[in-house]
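The following exercises invite the reader to work through a structural model step by step. Each task is followed by a worked solution.

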Amino acid sequence: MIADKDLPENYHKGRGAQFNPHNRFAKNDYVKQHDEGIDDWEDHPQKTSFILGKSKSIVNKVDSPDVGMAYSLNPYQGCEHGCTYCYARNAHEYWGFSAGLDFERKIIVKTDAPELFRKFLERKSWDASTISLSGNTDCYQPAERKFKITRQLLEIALEYKQPIEMITKNALILRDADLLQELAKLNLCTVYVSINSLNESLRSKMEPRTTTAKQRLKIVEELSKNGIPMGVMAAPLIPGLSDHEIPAILKAIASAGAKSAGYTVVRLNGAIGGIFKDWLRKNFPDRFEKVWHLIQSCHRGNVNDSRFSDRMRGDGNIAQIISDNFKLHCRLNHLNEKRVMLDSSLFSVPKVQLSLF
């Protein structure tokens with residue numbers, strides 16, 4: 001990894017993406033060809049802006065059989081964490097934005113999410129299946145500190161006794177330990193923390209606005225002590241950059257109190273391929289070719305694979321080595337020995353007290 005002082009002059013520090021790739025749904029595009037031709041070209045760092053959005057629904061059924069969830073709920077679109085590899089980037093194009101810098105700087109805030117969540121839970125056909133928060137973007141990203149939508153959703157889940165799964169890489173989740181503890185007492189929640197590297201130098205470049213791995217281990221430790229079932233997703237592992245950390249990661253999370261672990265191998269679908277390639281070339285010029293080809297070796301010569309199951313874990317020799325190593329160290333650290341099954345039998349719609357007048 002090259003030092004900050006050696007990065008290109010126009011490098012956007014604190015951002016994962018370094019440019020805005022073309023939105024595939026947009027009819028027009030514009031590029032900077034001559035500096036002297038545009039007086040007001042915005043090439044300087046921009047602050048994050050929040051766009052208050054309205055939604056027709058908030059809970060989405062997940063049809064993909066290999067993502068480990070049946071329903072997802074995302075109070076935010078876009079994510080200021082800025083992870084270079086984030087698969088949710090492509091979804092930002094549906095909103096008319098770019099999957100690059102726009103994804104990190106233009107955050108859509110679904111302020112009506114709590115109201116829509118109540119309406120969804122009160123449908124007569126609802127069977128109280130587990131709902132996953134952060135199925136797409138992190139529900140504890142920096143915007144949550146201001147808008148507190150995720151906390152409202154947890155309050156509603158507790159009120160209705162609705163089972164919830166969560167995944168995050170932000171220590172802000174500790175703010176809601178009180179609600180998570182009450183849910184856990186009723187066997188209504190599990191929490192996963194995303195940790196794909198313990199290398200702070202790599203983390204600060206690859207996931208620039210996330211909390212440190214040390215803080216994420218603290219999340220696991222503190223929530224475990226509060227009786228909340230904790231797991232870790234080592235995702236995505238990047239061959240040639242972070243896959244060698246599997247033994248250290250699994251040992252650290254087990255010591256912190258995690259009981260389960262999962263992983264994925266990086267896949268660079270859609271606009272993410274160009275974004276990650278640009279980031280990798282600028283930050284790891286000496287290892288660029290090796291890492292890029294190792295990723296390709298996991299996806300039949302490509303950097304993306306759309307085949308269910310294989311797309312998440314990859315195939316080929318490198319993917320098999322990662323899989324074998326992960327299974328071995330899960331076994332050595334007594335991870336995944338017992339599966340947590342949340343209780344949907346407690347679900348009920350609160351009765352409304354009618355006025356006598």
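## Exercise 1: Tyrosine 192

Tyrosine 192 is part of strand E8, which spans residues 189-194. The model is a predicted one.

Task. Determine whether tyrosine 192 is buried, partly exposed or exposed, and state what distance separates its C-alpha atom from that of arginine 267.

Solution. Step 1: the relative accessible area of tyrosine 192 is 25%. Step 2: buried requires under 20% and exposed requires over 50%, with partly exposed in between. Tyrosine 192 is therefore partly exposed. Step 3: tyrosine 192 and arginine 267 lie 75 residues apart along the chain, and their C-alpha atoms are separated by 20 Å.

## Exercise 2: The sheet of seven strands

Task. Describe the order of the sheet that contains E6, E7 and E8, and identify which strands stand at its edges.

Solution. Step 1: the sheet is open, has 7 strands with mixed pairing, and follows the order E2-E3-E6-E7-E8-E9-E10. Step 2: strand E2 (59-61) and strand E10 (260-265) each have a single partner strand, so they stand at the edges and one side of each lacks a neighbour in the sheet. Step 3: from one strand to the next, the twist averages 25°.

Task. Trace the pairing of strand E7 with E6 and with E8, and establish which side chains of E7 are buried.

Solution. Step 1: strand E6 (residues 131-133) runs parallel to E7, and 3 bridges join them. Isoleucine 131 has isoleucine 164 in E7 as its bridge partner. Step 2: E7 and E8 also run parallel, joined by 5 bridges. Here isoleucine 164 stands opposite cysteine 189 in E8. Step 3: the side chains alternate along E7 (residues 164-168). Ile164, Met166 and Thr168 point to one face and are buried, whereas Glu165 and Ile167 point to the other and are not.

## Exercise 3: The sheet of three strands

Task. Give the strand order of the sheet that contains E1, and explain why E1 and E4 are edge strands.

Solution. Step 1: the order is E1-E5-E4 in an open sheet of 3 strands, and the pairing is mixed. Step 2: strand E1 (49-53) and strand E4 (76-77) have a single partner strand each, so one side of each is without a neighbour in the sheet. Step 3: E4 and strand E5 (residues 106-110) run antiparallel and are joined by 2 bridges. Tyrosine 76 stands opposite valine 109 in E5.

## Exercise 4: Aromatic rings and charges

Task. State how many aromatic pairs the structure holds, then classify the pair formed by phenylalanine 50 and phenylalanine 147.

Solution. Step 1: there are 9 aromatic pairs. Step 2: the ring centres of phenylalanine 50 and phenylalanine 147 are 5.4 Å apart and the planes stand at 75°, so this pair is edge-to-face; the cut-off for that class is over 60 degrees. Step 3: because phenylalanine 50 lies in strand E1 and phenylalanine 147 in helix H3 (residues 143-147), the pair ties together parts 97 residues apart in sequence. Step 4: phenylalanine 50 has a relative accessible area of 31% and is partly exposed. Step 5: one aromatic cluster is formed by Tyr71, Phe120 and Trp126.

Task. Identify the ring over which the charged end of arginine 281 sits, and do likewise for arginine 313.

Solution. Step 1: the charged end of arginine 281 sits over the ring of phenylalanine 288, at 4.1 Å from its centre. Step 2: for arginine 313 the ring is that of tyrosine 263, with the charged end 4.2 Å from its centre.

## Exercise 5: Helix packing

Task. Characterise the packing of H4 with H5 and of H8 with H12.

Solution. Step 1: helix H4 (residues 149-160) packs with helix H5 (residues 177-185) at an angle of about 25°, and their axes are 10 Å apart. H4 and H5 are therefore roughly parallel to each other, and their crossing is left-handed. Step 2: helix H8 (residues 246-256) and helix H12 (residues 317-332) have axes that come within 9 Å and cross at roughly 30°. H8 is thus roughly parallel to H12, and H8 passes H12 in a right-handed crossing.

Note on methods. Residues numbered from 1 in each chain as written. Predicted model: local features only at pLDDT ≥ 70, side-chain atom pairs only at ≥ 80, totals over all residues. Heavy atoms only, no water. Pairing = 2+ DSSP bridges. Helix = DSSP H or I, 4+ residues; strand = E, 2+ residues; numbered from the N terminus. Phe/Tyr/Trp six-rings, centres within 6.5 Å; stacked < 30°, edge-to-face > 60°. Buried < 20%, exposed > 50% of the residue type's maximum accessible area, 1.4 Å probe, protein only. Lys NZ or Arg CZ within 6 Å of the ring centre and 35° of its normal. Axes fitted to C-alpha atoms, helices over the stretch in contact; angles between N-to-C directions. Parallel < 35°, antiparallel > 145°, perpendicular 65-115°, else oblique. Left-handed = near helix turned anticlockwise from the far one by under 90°.
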